[in-house]
Amino acid sequence: MSLREIITLPDPLLRQTSRPVSGVDKAARKLFDDMLETMYAAPGIGLAAVQIGVPQRLVVIDLSKEDEERKPLFMANPEIVSASEALSDYEEGCLSIPEFYEMVARPSEVKVRYLDRQGEARELAASGILATCIQHEIDHLNGVLFIDYVSKLKRDRVIKKFVKAQKLGKL
Ligand code: NI
């Protein structure tokens with residue numbers, strides 16, 4: 001495993017649609033492992049491959065607490081197959097938009113279909129923070145960021161801040 005650099009706003013790659021993987025081969029597993037190590041080091045609870053500069057439809061998630069056993073979830077080509085009408089609000093953040101947090105409303109429950117680390121097709125019913133996290137990560141695969149759900153004023157402000165920081169060479 002190796003630690004990879006996480007790209008941040010305003011990197012245009014974050015707006016790109018990631019391409020599906022043809023299966024979970026050795027290269028995809030290596031990428032999964034790098035993503036997981038990078039996410040744990042950050043630390044974060046979810047990471048999409050595009051955030052380490054690889055626009056492929058791969059996601060890692062681990063909601064376990066620091067003192068708990070780690071329970072990583074590996075998802076290749078994840079797809080939401082159904083979503084509840086009921087919404088839940090959670091305060092979201094993103095490793096590609098450091099130090100910015102906002103409440104976002106998303107479907108409370110989702111069913112997701114994906115290939116696991118062994119390449120087996122799986123379906124998972126998720127609720128609570130896991131449902132939010134899965135939706136946030138799948139959004140990354142479609143070039144969508146959680147700031148797209150906040151007011152234009154707040155979004156413009158945070159984008160401006162990152163563009164400015166980049167110009168000053170602080171990122
Ligand atoms: Ni994110």
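**Fold, nickel site and backbone details of the predicted model**

N77 is found in strand β3. This residue is a handy way into the structure, which is a predicted model. N77 has a positive phi of about 50° although it is not a glycine. With a relative accessible area of 21%, N77 counts as partly exposed, because the cut-off for buried is under 20%.

A second backbone oddity of this kind turns up at E99, a residue other than glycine whose phi is near 65° and so positive. E99 lies in the loop between β4 and β5. At 68% relative accessibility, E99 is exposed.

Stepping back to the overall fold, the protein has three helices and seven strands. Read from the N terminus, the order of elements is α-β-β-β-β-β-β-β-α-α. A compact globule of 171 residues would have a radius of gyration near 16 Å, and the protein agrees with that at 16 Å. Along the principal axes, the C-alpha atoms fill a box of roughly 45 × 40 × 35 Å. Of the 171 residues, 43% are buried. The exposed surface comes to about 9,500 Å², with 51% of it supplied by carbon and sulfur atoms. As for how the chain folds back on itself, take the contacts between residues at least 6 apart in sequence: 64% of them join residues at least 24 apart.

Next comes the metal site. The nickel ion has C94 (SG), H136 (NE2) and H140 (NE2) as its protein donors, at 2.1 to 2.3 Å. Along the sequence, these donor residues follow the spacing C-x41-H-x3-H. C94 and H136 tie together distant parts of the chain: C94 is in the loop between β4 (87–92) and β5 (102–107), while H136 is in helix α2 (residues 128–141), 42 residues apart. C94 is buried, at 10% relative accessibility. H136 is buried too, with a relative accessible area of 8%.

The loop that carries C94 also holds L95. L95 is partly exposed, its relative accessible area being 23%. Neighbours within four places in sequence aside, L95 is in contact with I6, T8, A42, P43, G44, G46, L47 and Q51. L95 and L9 are 86 residues apart in sequence, yet their C-alpha atoms are 9.7 Å apart in space.

L9 and P43 from that neighbourhood each take part in a cis peptide bond. One runs from L9 to P10, with omega near 0°, and P10 sits in the segment before α1. The other joins A42 to P43, with omega near -10°. P43 belongs to the loop between α1 and β1.

Helix α1 (residues 26–41) has 16 residues, which at 1.5 Å a residue should span 22 Å; the end C-alpha atoms are 23 Å apart, in agreement with that figure. Its buried residues are A28, L31, F32, D33, D34, M35, L36, T38, M39 and Y40. They pack against three strands, β1 (46–48), β2 (58–61) and β3 (73–83). The last of these, β3, is the strand that contains N77.

At the other end of the chain, helix α3 (residues 152–167) also passes the length check: 16 residues at 1.5 Å each should span 22 Å, and the end C-alpha atoms are 22 Å apart. Buried in α3 are R155, V158, F162 and A165. Viewed down the helix axis, these buried residues fall within an arc of 100°, so they line one face of α3. An α-helix has 3.6 residues a turn, so residues three or four places apart point the same way. The face of α3 turned away from the buried side carries the exposed residues K152, L153, R157, K160, K164 and K167.

Past the end of α3, L168 is found in the segment that follows. L168 is exposed, with a relative accessible area of 56%. Its C-alpha atom is separated by 21 Å from that of K154, 14 residues apart along the chain. G169 also follows α3, and has a positive phi, near 75°.

Notes
Residues are numbered from 1 along each chain as its sequence is written. This is a predicted model: local features need pLDDT of at least 70, side-chain atom pairs count only at pLDDT 80 or more; totals for chains, interfaces and linings use all residues. Side-chain values use heavy atoms; hydrogens and water are left out. Helices (H or I, at least four residues) and strands (E, at least two) are DSSP runs, numbered from the N terminus. The expected span of a helix is 1.5 Å times one less than its number of residues. Buried means under 20% relative accessible area, exposed over 50%, partly exposed in between (1.4 Å probe, protein chains only). The arc is that of the directions from the helix axis to the C-beta atoms. Donors are N, O and S atoms within 2.8 Å of the metal (3.2 Å for Na, K and Ca); water is not among the atoms, so sites may look incomplete. The radius of gyration is taken over C-alpha atoms; the globule rule is 2.2 Å times the number of residues to the power 0.38. Contact means heavy atoms within 4.5 Å. Accessible areas come from the Shrake-Rupley method with a 1.4 Å probe; for residues, only the protein chains shown count as cover.
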